[in-house]
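Visitor: I should like to understand the reasoning behind the terms used for this structure. Could you take me through them one at a time?

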Amino acid sequence: ELQGKHFNHHARTLPFDQKLTTLKHIAVGWHTVCLDFAGKEAKTEELAELCVHAPSLHSLQMNLQKSQLGRGGAEGLNKLQFCYALRTVHLNLCRANLGEGGAKPLKALSECPNLHTVHLNLRANRLGAGDAAAIATLRHVPYLHTLHLDMFNNQCGVRGAQALAHLKAAPLLRNLH
């Protein structure tokens, strides 16, 4: 279910699109948003747009595990670059069926200027070296100090591992897991 600081419990009975419209109007003062769509169909573009409508949002947790987003399903996550106050992001995309190229929209996180903690669970998505290179752009986030990255059971290969090794170049990165 959708959760938030001012969540309107009556929105639970509305269709998905109407829930998001309702939440956009009350999201303005939110600081923390938790979205759990594990095993359910999710529209990342609408979910990320909800976050953009919360200008004071500093903590985001999205559980999209087994949501079958598919190769282009994570495209909407590129809107997160417009969440300028965002400091902490937890994205669980384990077994979301992203496929090769599916994690490239996560490159948008490198545009979040205040981001300091990122948790990315990308297990079992058949990601390739290009996806690893996109994730490695997180090294450009100026205040990033903690990165938890789970890439188990993907197909990044040696080139992907070399790209991820560049994460160590992040200026303030203290914790890389």
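Guide: The following exchange sets computed values against the definitions that give them their names. The model is a predicted one.

Visitor: How many helices and strands does the protein chain have, and in which pattern do they follow one another?

Guide: The protein chain has four helices and seven strands. Along the sequence, they follow the pattern β-α-β-α-β-β-β-α-β-α-β.

Visitor: What makes S59 count as buried?

Guide: The relative accessible area of S59 is 18%. Buried means under 20%, so S59, at 18%, is buried. This residue belongs to strand β3, which spans residues 59–63. Leaving aside residues up to four places away in sequence, S59 touches H31, T32, V33, L86 and T88.

Visitor: Why is Q68 called exposed?

Guide: Q68 has a relative accessibility of 51%. The term exposed requires a value over 50%, and therefore Q68, at 51%, counts as exposed. Q68 lies in the loop between β3 and β4 (88–92).

Visitor: What is noted about the phi of Q68 and of A124?

Guide: Q68 has a positive phi of about 55° although it is not a glycine. A124 also has a positive phi of about 55°, and it is not a glycine either. The background is that most residues other than glycine have a negative phi. A124 is placed in the loop between β5 (117–121) and α3 (129–136).

Visitor: Why is β3 described as mostly covered?

Guide: Four of the five residues of β3 are buried. Since buried means under 20% relative accessible area, the description rests on those four residues. β4 is likewise mostly covered, with four of its five residues buried.

Visitor: How do you know that β2 and β3 pair?

Guide: Two strands pair if at least two bridges are found between them. β2 and β3 are joined by five bridges, in the parallel sense, and therefore they meet the criterion. One residue pair here is D36, which stands opposite N63 in β3. The chain crosses from β2 through α2 to β3, and this β-α-β crossover is right-handed.

Visitor: What makes β4 a partner of both β3 and β5?

Guide: β3 and β4 run parallel and are joined by five bridges. β4 and β5 also pair in the parallel sense over five bridges. The requirement is at least two bridges, so both pairings satisfy it. Between β3 and β4, L60 stands opposite V89, and Q61 has H90 as its bridge partner. H90 in turn has H119 in β5 as its bridge partner.

Visitor: Which residues have the most contacts inside the largest nonpolar core?

Guide: The largest nonpolar core has 48 residues, and L109, L120, L122 and L138 have the most contacts inside it. The elements that give two or more residues to this core are β2 (32–36), α2 (44–52), β3, β4, β5, α3 and β6 (146–150). α2 gives the most, with four residues. In soluble globular proteins, nonpolar side chains tend to be buried together.

Visitor: Which residues does L122 touch?

Guide: Beyond residues up to four places away in sequence, L122 touches L93, L98, L106, L127, I135, L149, D150, M151 and N154.

Visitor: How do you know that the buried residues of α4 lie on the same side?

Guide: In helix α4, residues 157–165, the buried residues are G160, A163 and L164. They cover an arc of only 95° around the axis, which puts them on the same side of α4. These buried residues pack against α3 and β6. The face turned away from the buried side carries the exposed residues V158 and R159.

Visitor: What share of the protein chain counts as buried, and what supplies its exposed area?

Guide: Of the 177 residues of the protein chain, 47% count as buried. The chain exposes about 8500 Å², of which carbon and sulfur atoms supply 50%.

Visitor: What share of the contacts joins residues at least 24 apart?

Guide: Among contacts between residues at least 6 apart in sequence, 84% join residues at least 24 apart.

Terms used:
Residues are numbered from 1 along each chain as its sequence is written. This is a predicted model: local features need pLDDT of at least 70, side-chain atom pairs count only at pLDDT 80 or more; totals for chains, interfaces and linings use all residues. Side-chain values use heavy atoms; hydrogens and water are left out. Buried means under 20% relative accessible area, exposed over 50%, partly exposed in between (1.4 Å probe, protein chains only). Contact means heavy atoms within 4.5 Å. A nonpolar core is a set of buried Ala, Val, Leu, Ile, Met, Phe, Trp, Tyr and Cys residues joined through side-chain atoms within 4.5 Å. The arc is that of the directions from the helix axis to the C-beta atoms. A crossover is right-handed if, with the strands pointing away from the viewer, the path from the first strand over the helix to the second runs clockwise. Accessible areas come from the Shrake-Rupley method with a 1.4 Å probe; for residues, only the protein chains shown count as cover.
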